[in-house]
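Student: Could you walk me through one part of this model up close, namely the charged side chains and what sits around them? I'd like the cut-offs spelled out as you go.

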Amino acid sequence: MADAIRTRVQTVPVGTDLSTALSNWLVGRYRGDLLGMADVLILLPNNRAVSALTSAFVRSAETGLVLPRMAAIGDLALDEKLGPLLDPLAFDDAPPLPAVDDMQRLLHLAGCVRRHRSDASATEALHLAKQLVQTLDTLDVEEKSLADVDFDHGNADLAAHWSTAYGSLKSLCRESESWLAAKGLMAPAARRNALLYRLSARLKACPPSTPVIAAGITTAAPAIASLLGQIARLPNGLVLLPHVDLQLDDNDWQALGDLAKPTDQTGDTPRAPHRETHPQYHLKLLLHRMGIDRSEVDLFGKMPPKTAQAVQDIFCLPEQTVAWRNLSRARRTMDNVRLLEAEDSAEEARAISVLIRQSVEEEGKRVALVTPDREIASRVAAQLKRWNIEADDSAGRPLAQEPVGTLFLTVSQMLVGQFAPVILLSVLKHPVVRAGEARLAWLDRVRALDLLLRGPQLLAGIDAIARIIADNIAVKRAEPDLALWWSETETIIRPYADASRRSLRAHLDAVTGLADKLTDGTIWKGAAGRRLAEFVEALGDQELELLSDGQVTAWPDLFETMLADIAIRPAYGRHPRVSIFGLLEARLQSADLLICAGLNEGTWPQLPQPDPWLAPHLRRQLDLPGLDRNIGLSAHDLGSALGAPEVVLTRAKRDRSGPSIASRFLLRIQALFGEGLHDEAVALDLARRLDHPVQAVLPHARPEPLPLAAQRKVAISITQMDMLKADPYAFYARNILKLDALKPVDAEPDPAWKGTLVHKIIEDWTKSGQRDPDSLVAFAEAALTDSSVAPALRLLWQPRIIAGLRWVAAKVAANSADGRQIETFESRAEGEIAGIRVHGRIDRIDRQSDGTLVVVDYKTGSPPAKNKVAAGYALQLGLSGALVEAGAVKGLSGKVAGFEYWSLAKQNGDFGYIASPLAKRPKDGEPDTASFAEFAKAEASAAIGRWITGNAPFKAKLKPDYAVYKDYEQLMRLDEWLGSVSWNEADNGN
């Protein structure tokens with residue numbers, strides 16, 4: 001067998017990959033006895049480190065080998081792993097109490113938080129409970145008991161909110177301890193401490209004869225430090241630390257802080273000021289707790305490369321930066337590092353993807369993206385798919401973003417959201433629903449329903465869907481078999497809809513059952529489906545009443561909050577040489593090209609997250625890690641990354657929140673190296689050209705379609721004459737191409753919808769023959785107080801509509817008393833102008849006592865401006881009069897002597913007023929009441945002669961001041977030519 005391992009504490013310098021160095025060393029030592037490596041025990045910080053070291057062994061081995069035994073001491077199931085690994089030192093004493101289930105603990109603490117903060121909603125309590133778990137775990141890791149927390153903290157020195165939070169924390173600590181004791185359970189961190197201390201005692205009592213190595217562990221927790229200190233003192237023990245700076249001056253090392261806590265005369269143990277933001281501080285703290293001096297640490301492997309000195313210069317103490325100007329040019333250059341500064345985060349992601357694409361062309365070259373910003377990671381992963389590169393993302397994908405997770409959450413939203421159309425269609429269209437051969441027929445029905453639910457919806461709830469379908473079948477806008485399909489679908493959904501709002505547990509059961517029914521069980525298949533099934537089962541075993549309250553609409557948010565912490569990583573199918581790491585996962589990893597992305601302040605390093613339970617002052621008194629500790633860890637991660645063979649540092653000058661500030665680390669690098677820091681210009685240039693053609697793109701021409709004469713001859717509605725004159729292209733798309741604009745599903749009520757509703761109410765009232773205001777109000781209330789009407793509509797619109805309708809009824813009654821009677825209402829008018837059929841629906845026609853007629857048009861808003869009418873637009877009333885006088889309304893004849901807009905809008909403090917489309921004193925060329933019909937007919941004839949029977953092009957936005965129709969702006973590609981034409985160009989009739 002190879003020689004026994006005799007070293008104790010060693011470190012690999014910056015620029016040396018710990019995994020590769022350790023694997024090469026062990027393979028070299030056991031080259032003649034590869035089976036002997038099976039006796040080696042290696043303790044690692046996490047499972048990603050186990051994978052990294054395993055891969056390093058594969059690369060190091062020339063032939064097959066037996067891997068050493070490896071264990072991640074961050075694993076909660078240490079008792080199940082350490083026993084077999086240390087055999088024959090299997091534990092013979094009673095194991096510690098089992099660890100509490102994470103979800104069980106979280107929900108219990110959420111319930112406790114709600115008792116302490118009665119004003120907190122269930123979702124807020126859950127978020128606070130998550131942060132409370134972190135605080136309690138920190139106390140356990142640092143081995144602080146309730147006695148340490150329950151001290152006289154001097155409330156006078158704390159703000160009121162901190163004092164309240166601290167009082168709540170003490171109570172919650174007691175409740176948590178009592179609850180765990182009653183359950184016979186332990187907190188995970190406390191249980192891990194017990195296992196690690198027991199392992200330390202075992203190693204001390206019975207030192208193993210086989211090698212024990214602790215590699216890459218930098219956590220300074222007391223239990224970890226005790227175990228590492230014991231391993232360092234074993235005859236065959238080795239503690240291998242990453243990147244302890246052995247070249248740092250002793251004075252600078254001492255300046256990081258005196259970790260021996262002096263006691264003053266009062267008995268307090270004030271904490272000396274520490275440099276927690278320095279990348280070496282956490283390593284100094286770990287060595288201190290191990291009882292090891294830095295002078296006892298040896299170098300593992302080769303001498304530190306030039307990179308190590310550069311990293312030391314970059315992260316020197318602030319007062320040492322004045323020495324930078326005296327450094328030689330050689331020390332102010334890093335040949336392996338390049339900087340890429342993009343204009344925005346999207347460009348940064350494209351440039352990174354180009355770098356990765358270039359790297360995979362080189363045989364065997366490994367490339368890794370390291371970033372704490374998940375948005376950048378997601379963007380890069382998406383960009384790489386254009387080249388069919390699936391990066392191995394260590395963070396995986398949140399279960400809430402997996403298809404099965406989104407369906408689960410959307411079903412929950414649908415059940416609590418009264419089957420709002422958007423959410424309902426999202427469920428029915430979901431790719432997991434009715435997957436298989438039947439999906440195509442299913443989607444045909446869902447898409448037909450989608451068309452019916454577009455635009456504002458008066459009705460709401462599951463019962464409203466059948467009514468909407470029936471109404472559309474009645475007017476032949478839907479097929480009868482759609483009603484049958486919905487009836488079958490409703491039969492599946494309704495039992496769960498009725499039960500889902502009773503309690504949170506009933507809601508969970510309803511969501512689970514309905515999702516299972518809609519997908520035929522497919523939702524539980526695959527890695528994500530199985531994990532979702534485990535989540536549902538675990539959640540169902542908890543006391544959900546702790547979170548169940550009257551805020552039914554918050555239940556989907558509760559599920560999403562809990563699903564956010566669950567990630568799914570594909571087991572296979574990823575590129576073997578392209579990886580994406582977070583900062584924690586990047587430790588012990590290596591690559592030929594390392595891309596450090598997101599080097600902006602607030603991202604790398606991340607802003608310290610405040611603890612809502614402990615004030616910074618109290619954290620210092622408790623000797624807990626400061627909120628700035630992570631800045632030092634981030635600096636160490638960056639310093640370690642700079643030692644890679646090839647490094648590219650990237651940042652974006654802008655992100656989604658606006659201009660960004662370069663990371664303090666990057667500013668140091670730029671200040672130190674100056675022109676010695678090389679720019680990555682090639683990848684940035686390629687990224688900028690990636691989505692842009694080589695040739696310049698000319699602006700799109702203003703569309704001027706010229707249809708054939710036979711295509712032009714279409715009927716015209718009196719309401720579309722303005723469209724023909726002001727925006728001929730919109731008329732062409734609407735009437736010749738027959739393209740109807742689809743409104744959004746469940747759109748917000750707009751004036752057109754409001755007008756349609758009011759017209760329908762008035763029509764039904766007029767048909768009834770009743771004329772008193774109360775009867776019209778009764779019709780309105782019957783339409784608006786239906787149980788299926790959305791409550792927001794009743795609240796916001798009903799008072800205004802009813803006030804306007806009261807005025808209409810009163811005015812009709814007053815007219816009747818004066819001898820003016822309603823002759824027809826909602827009358828269909830159809831005639832010819834210039835040889836083309838012109839048609840429309842006239843709201844109301846009254847006959848006055850002298851036999852003349854008055855054309856009335858109802859408006860829920862303001863009527864058209866008089867100058868617009870005088871310019872030859874807004875001629876609906878005039879054309880209506882021309883058609884009436886031409887006998888276009890069946891059974892009606894007479895001279896039109898009046899044109900009126902009846903507006904239900906507010907004027908002078910009251911709802912309802914009458915306006916004329918004509919000026920009181922018309923100028924030359926402007927119509928008056930007697931000539932208005934002829935004026936409108938002449939304008940229509942000219943427009944028909946120009947575009948319908950003529951050959952003029954249907955130019956887009958011919959008269960932009962009057963072209964208010966926006967439905968076809970995307971079709972006409974308005975934004976592409978808007979700035980290249982003059983709105984004032986002469987209209988020459990072409």
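Tutor: Let's begin on the surface, where Asp101, Asp102, Glu537 and Asp541 form a negative patch. This is a predicted model, so local features need pLDDT of at least 70 and side-chain atom pairs count only at pLDDT 80 or more, while totals for chains, interfaces and linings use all residues. Residues are numbered from 1 along each chain as its sequence is written, and side-chain values use heavy atoms, with hydrogens and water left out.

A patch takes residues with over 30% relative accessible area and no salt bridge, joining like charges within 9 Å and nonpolar side chains (Val, Leu, Ile, Met, Phe, Trp, Tyr) within 5 Å. Asp and Glu count as negative and Lys and Arg as positive, with His and the chain ends not counted. Each charge is placed at NZ of Lys, CZ of Arg, CG of Asp or CD of Glu. The areas come from the Shrake-Rupley method with a 1.4 Å probe, and for residues only the protein chains shown count as cover.

Asp101 sits in the loop between α3 (78–85) and α4 (102–116); helices (H or I, at least four residues) and strands (E, at least two) are DSSP runs numbered from the N terminus. Its relative accessibility is 37%, so Asp101 counts as partly exposed. Buried means under 20% relative accessible area, exposed means over 50%, and partly exposed is in between (1.4 Å probe, protein chains only).

Now for the charges that do find a partner. Side chains of opposite charge can pair when their charged atoms come close. Here a salt bridge is a side-chain nitrogen of Lys or Arg within 4 Å of a carboxyl oxygen of Asp or Glu, and the structure holds 47 of them.

Take Asp393 and Arg374: they form a salt bridge, with 2.7 Å between the closest N and O atoms. That pair ties together distant parts of the chain, as Asp393 belongs to strand β9 (residues 392–393) and Arg374 to helix α14 (residues 374–384), 19 residues apart. Asp393 counts as buried because its relative accessibility is 15%, whereas Arg374, at 34%, counts as partly exposed.

While you're there, have a look at Asn388, in the loop between α14 and β9. Asn388 isn't a glycine, yet its phi is positive, about 60 degrees. With 71% relative accessibility, it counts as exposed.

A second pair worth clicking on is Arg494 with Asp463, a salt bridge whose closest N and O atoms are 2.5 Å apart. This one also links distant parts of the chain: Arg494 lies in helix α19 (residues 480–499), Asp463 in helix α18 (residues 462–474), and 31 residues separate them. Arg494 is partly exposed at 25% relative accessibility, and so is Asp463 at 46%.

Next up is Glu976, whose side chain meets that of Arg973 in a salt bridge (2.9 Å, N to O). Glu976 has 38% relative accessibility and counts as partly exposed; Arg973, at 39%, is partly exposed too. You'll find Arg973 in the loop between α37 (932–948) and α38 (974–977). Its backbone deserves a glance as well: phi of Arg973 is near 55 degrees, a positive value in a residue other than glycine.

Salt bridges can also join up into a network, and the one here links Arg338, Glu362, Lys365, Glu646 and Glu680.

For contrast, here's a surface group with no charge. Leu737, Leu739 and Leu971 form a nonpolar patch, with about 230 Å² of accessible area together. Leu739 is in the loop between α30 (728–736) and α31 (751–768), and its relative accessible area of 36% makes it partly exposed. Leu195 tells another story: it's in helix α8 (residues 188–205) and is buried, with a relative accessible area of 1%.

Last, the covalent side of side-chain pairing. A disulfide here means a pair of cysteine sulfur atoms within 2.5 Å, and a search of the whole structure turns up zero disulfides. Why does Cys173 have no bonded partner? Its sulfur is 11 Å from the closest cysteine sulfur, in Cys112, too far for a bond. Cys173 counts as buried at 7% relative accessibility, while Cys206, at 35%, counts as partly exposed.
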